[in-house]
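Trainee: Could you take a close look at one part of this model for me, the charged pairs and what sits around them? I'd like one connected walk through it rather than a list.

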Amino acid sequence: RLELEDERTLLLSNFELPASVYVNVESKKDFNVIHKTVVGNVDLKRYGLGNINSYVNELWSYLVVYYFLEDAFVGLLLWRGRSNLTLPVPLIPSFTVQWKHLTFPLHSIAAFLIAISVVENPDLLPSVSFGCIGWLLVATSEKRSKNPNPWIRSKSFGYFLLSLILGKHTTGPQSIEPNENVDAIEANSTSWMKRVKDAEEKANQRAIEYAKEQEEYWSEIESLGDGDISTKAGLFTIDPTRVYLYPVQEWLGIICDILRVVRNVIVWEEPHYSFIIAFGSFILAFVLYFLPWGYLIKWTLRVVAWVIFGPWMMLADKFYFSKLESETDEQKMEREGNLRLARRKQLENQLLEAQIRREKAEKLKDFKQFMFGQFVSKVNITKLDRSFDIPLPESSATPYTPKSLSLGELAMEEAGYRRTRINGQQLVGDMIPTLFETPSTEAPLGKATKKTALLKGGSPGVQIGNDSYVAAAIKVGSIVLSAGAVTWFGIPLLVYFVGFLFPGNGQKL
């Protein structure tokens, strides 16, 4: 069961990278259980030819993205893609409104408008580049939301946008019935497997034909001889060892981890990061739309040309560069010594910071081992799994609806009445780390309860509500409006000011 009170708080918390989490246990047996749960049956961090082969196979498996790109490009180019849109249609005789579901190639229309706009106005290229990043993420989210398997669908861009503004979405969690869309799921899976299998068979057939052609060609070349009359010596080979292959395995692991993170963001397996990148891309695209890039590039190149290639570079040569060439050996040694001293100080500062971090980590490790056990296992916070576990079609999900309580019952429940909370292993503090203790009650300061929505009708405090939603909505709205106002009025004023200083070279927006 997952209880989420404020979607906005969870979304904004993803602007910071999650801290590393370590779990300590006292026995080796418990450590092996935790390690296997976290890592899996095969520990890819250990050296082994099987692990290297697993990394290589994973890299080859990412080539399946070619089929997705082919389908997307063909659908975009031939206007085959279909996007769903619900529009209200008024019915005059009955004075009512009926909602109609329409499908049309929205992405093809957008691509056409963007292409002709960039061709006619190249200044839009930076803005379009960032906009395409957000567009790509929104398109993948839409693609995933159309999957017949309800367990694969993810929260959409619109869901997170409303959550950012309102604090929570207007619609609650959806129910999933057992064997829901099972026929469509099997048909979709069978169609995709057939598509990949047919493509691989065609590729293998082309590879076999090419190999036969090369074999015939080289057999004819060998029959002619190469003119070498020396005696051929036997080839001496060295078996690969850990010294050479283990660094290769580590680099393959790093590459696979990076690709896993990128894949999870693109396919909305990490939906919060995907929304943040898409939303940030749209904001940057909007801001960069008002910048006259042709004018800025022209003046940047103009300043560079005048400053670097002008005749005043003779003064730079006379007062600086020529002195470097004419300095004595003692002056040269003194100058190089000062440079080495500056580099040494910088290196010492970096070493000191690294030493402090290492000492803090060692101290934290010693405290955790003393308090919780000597065996330490690291738990990944970000998703770095190669594959995902998807519930079976016969699985089901039902939204959880808590029962309404009186003010006294809810206050006692939030205060932990008849509940025993076991604190975790999170330590806080630098000098002497101590165990982090949760507050005795969930209610904020000055209020009897936090979850006022769970109060029964007529209970005291039922009309108070939570002010954080309104305050946060006002803050977010004011920030967006302020940014839009500054962009709308500030950029034209900046361009006008630059055009006033350099008349005849400005561009009109």
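Mentor: Let's start with Lys383, which forms a salt bridge with Glu269; their closest N and O atoms are 3.5 Å apart. Keep in mind throughout that this is a predicted model. Lys383 sits in the loop between strand 4 (375–379) and helix 14 (407–414), and Glu269 sits in the loop between helix 9 and helix 10, so the pair ties together parts that are 114 residues apart in sequence. The two ends aren't equally covered. Lys383 has a relative accessible area of 34%, so call that one partly exposed. Glu269 comes in at 16% relative accessibility, and since the cut-off for buried is under 20%, Glu269 counts as buried.

Staying in that loop between helix 9 and helix 10, you'll also find Trp268. Its phi is near 60 degrees, which is a positive value in a residue other than glycine. Trp268 has a relative accessibility of 1%, so it counts as buried. If you want another residue with that sort of backbone, try Asn179: phi is near 55 degrees there, again positive and again not a glycine. Asn179 belongs to the loop between helix 7 and helix 8 (182–224). Unlike a buried residue, Asn179 counts as partly exposed, at 42% relative accessibility.

Now back to the charges. Side chains of opposite charge can pair when their charged atoms come close. The structure holds six salt bridges, and another one of them joins Arg260 to Glu58, with the closest N and O atoms 2.7 Å apart. Arg260 is in helix 9 (residues 242–266) and Glu58 in helix 3 (residues 49–61), so this pair ties together parts that are 202 residues apart in sequence. Both partners are tucked away: Arg260 is buried, with a relative accessible area of 6%, and Glu58 is buried too, at 1%. What about Asp257? Glu58, Asp257 and Arg260 are joined into one network by salt bridges that share partners.

While we're talking about cross-links, a search of the whole structure finds zero disulfides. If you're checking cysteines, Cys256 is buried, with a relative accessible area of 0%, whereas Cys132 counts as partly exposed, at 30% relative accessibility.

The next pair to look at is Glu7 with Lys155, where the closest N and O atoms of the salt bridge are 3.4 Å apart. Glu7 is in helix 1 (residues 7–13), and Lys155 is in the loop between helix 6 (125–145) and helix 7, so to speak a link between distant parts of the chain, 148 residues apart. Glu7 counts as buried, at 3% relative accessibility, while Lys155 counts as partly exposed, at 34%. Leaving out residues up to four places away in sequence, Glu7 touches Lys155, Tyr159, Phe160, Ser163, Gly167, Lys168 and His272.

Lys155 turns up again in the surroundings of Ser141, a residue of helix 6. With neighbours within four places in sequence left aside, Ser141 is in contact with Lys155, Ser156, Phe157 and Trp268, and that Trp268 is the one with the positive phi from before. Ser141 is buried as well, with a relative accessible area of 5%.

Several of these names lead us to a helix pair. Two packed helices are described by the angle between their axes and the distance between the axes. Helix 7 (residues 157–166) packs with helix 10 (residues 271–288) at an angle of about 80 degrees, and their axes are 10 Å apart. That angle makes helix 7 roughly perpendicular to helix 10. From helix 7 the contact uses Phe157, Phe160, Leu161 and Leu164; from helix 10 it uses Pro271, His272, Phe275, Ala278, Phe279 and Phe282. By class, that's nine nonpolar residues, one polar and no charged ones. To connect this with the earlier part, Phe160 and His272 in this contact are both among the residues that Glu7 touches, and Phe157 is one of the contacts of Ser141.

Methods
Residues numbered from 1 in each chain as written. Predicted model: local features only at pLDDT ≥ 70, side-chain atom pairs only at ≥ 80, totals over all residues. Heavy atoms only, no water. Axes fitted to C-alpha atoms, helices over the stretch in contact; angles between N-to-C directions. Helix = DSSP H or I, 4+ residues; strand = E, 2+ residues; numbered from the N terminus. Parallel < 35°, antiparallel > 145°, perpendicular 65-115°, else oblique. Contact = heavy atoms within 4.5 Å. Nonpolar A, V, L, I, M, F, W, Y, C, P; charged D, E, K, R; others polar. Salt bridge = Lys/Arg side-chain N within 4 Å of Asp/Glu carboxyl O. Buried < 20%, exposed > 50% of the residue type's maximum accessible area, 1.4 Å probe, protein only. Disulfide = S-S within 2.5 Å.
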